Amino acid sequence: MGGISIWQLLIIAVIVVLLFGTNKLRTLGSDLGASIKGFKKAIGDDNPSQQAQKTSNDADFETKNIAEKQSAAQSESSESKNKEQV
């Protein structure tokens, strides 16, 4: 009675394709997908920064990134080599 049948949806789809064309609809779909992906990325970027601020205040030490840890380990190993040679 009040529902839309499959035939009515098919007629609407044919009219939309005739009005806009397949290339325009394909471009519209890809633009919509890219904007949704960008939105999800933006939402996901906010959460880790807030979590990092919360965890950085929990401990008494400063956090170091991987490059700083590697350089510190290399300097310690070179100091230990110097001590062995003396």
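This tour moves through a predicted model, from the whole chain to one helix and back out to the question of confidence.

Begin with the whole protein selected and shown as a cartoon: the view contains 3 helices and 0 strands, and the order of elements from the N terminus is α-α-α. Switch next to a surface display, where the protein exposes about 8300 Å², with carbon and sulfur atoms supplying 60% of that area. Of its 86 residues, 0% count as buried.

Now select residues 6-22, the stretch that an unreviewed UniProt entry labels "transmembrane region". Over these residues the chain is 94% helix and 0% strand. Within the stretch, select residues 6-20, which form helix α1, and place a distance between its end C-alpha atoms: they lie 21 Å apart, in agreement with the 21 Å that 15 residues should span at 1.5 Å a residue. Step on to Gly 21, just after α1, where the backbone takes a positive phi of about 85°.

Finally, colour the protein by pLDDT, which has a mean of 77, with 63% of the residues reaching 70 or more. Where is confidence highest, and where is it lowest? Helix α1 has the highest confidence, at a mean of 93, whereas helix α3, which you can select as residues 66-85, has the lowest, at 67.

Note on methods
Residues numbered from 1 in each chain as written. Predicted model: local features only at pLDDT ≥ 70, side-chain atom pairs only at ≥ 80, totals over all residues. Heavy atoms only, no water. Helix = DSSP H or I, 4+ residues; strand = E, 2+ residues; numbered from the N terminus. Buried < 20%, exposed > 50% of the residue type's maximum accessible area, 1.4 Å probe, protein only. Areas by Shrake-Rupley, 256 points an atom, 1.4 Å probe, with all protein chains shown as cover. UniProt positions renumbered as here; feature names shortened; annotations may be inferred. Expected span 1.5 Å × (residues − 1). pLDDT = per-residue confidence, 0-100.
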